[in-house]
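Trainee: Could you take me through one part of this protein up close? I'd like to hear about the second largest pocket, and then whatever else you think goes with it.

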Amino acid sequence: MSSDLDTLARETLSRVLRDHPDPASLDPGENLVETYGITSLNKVLFLTSLCRAADVGLDNFTEDDLAGMRTLGNVVEALRPHAPLKG
């Protein structure tokens with residue numbers, strides 16, 4: 001995973017989770033719903049916040065793409081090709 005995008009994703013997810021866990025403690029392989037209890041609304045908030053922060057348009061993704069983002073790792077992998085390269 002791209003460390004910058006990975007870090008940004010962890011920090012953004014931590015902010016939408018009820019208990020605001022340490023971003024470093026979030027496992028990229030864990031299911032966002034089953035493990036972290038993220039609701040549909042919080043998933044939308046997480047993805048829109050992350051896309052805004054990473055300068056990636058949500059219009060790059062179909063509804064099926066978004067539904068397939070079940071783990072933090074899935075989200076990072078989906079965004080990586082669209083994220084502008086950092087100098």
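Mentor: Let's start with the pocket and then turn to the helices. Keep in mind that this is a predicted model. The predictor's confidence averages 92 across the chain, with 93% of residues at 70 or more.

The second largest pocket holds about 160 Å³ of space. One part of its lining comes from V16, L17, R18, D19 and P21, and another from T35, Y36, G37, I38, T39 and N42. Sort those residues by class and you get five nonpolar, four polar and two charged. The charged ones are R18 and D19, while V16, L17, P21, Y36 and I38 make up the nonpolar group.

V16 from that lining also falls within helix α1, which spans residues 3-16 and includes R10. R10 is worth a pause: its relative accessible area is 14%, so it counts as buried, the cut-off being under 20%. A polar atom of the R10 side chain sits 3.3 Å from the backbone oxygen of P23.

Now for helix α4, residues 72-79, where confidence is highest, at a mean of 96. Helix α3, residues 63-67, has the lowest, at 93. Buried residues in α4 are L72, G73, V75, V76 and L79. Why do they end up on the same side of α4? Because they cover an arc of only 160 degrees around the axis.

Key
Residues are numbered from 1 along each chain as its sequence is written. This is a predicted model: local features need pLDDT of at least 70, side-chain atom pairs count only at pLDDT 80 or more; totals for chains, interfaces and linings use all residues. Side-chain values use heavy atoms; hydrogens and water are left out. On a 1 Å grid over the protein atoms alone, a cavity is a set of points where a 1.4 Å probe fits but cannot get out, and a pocket is an open set with protein on both sides within 12 Å along at least five of seven lines; lining residues have an atom within 4 Å of a point. Grid points are joined across faces, edges and corners, and a volume is the space filled by probe spheres set on the points. pLDDT is the predictor's confidence in each residue, from 0 to 100. Helices (H or I, at least four residues) and strands (E, at least two) are DSSP runs, numbered from the N terminus. Buried means under 20% relative accessible area, exposed over 50%, partly exposed in between (1.4 Å probe, protein chains only). The arc is that of the directions from the helix axis to the C-beta atoms. A polar contact is a pair of N or O atoms within 3.5 Å; within protein, one must be able to donate a hydrogen and the other to accept it, and residues adjacent in sequence count only if both atoms are side-chain atoms.
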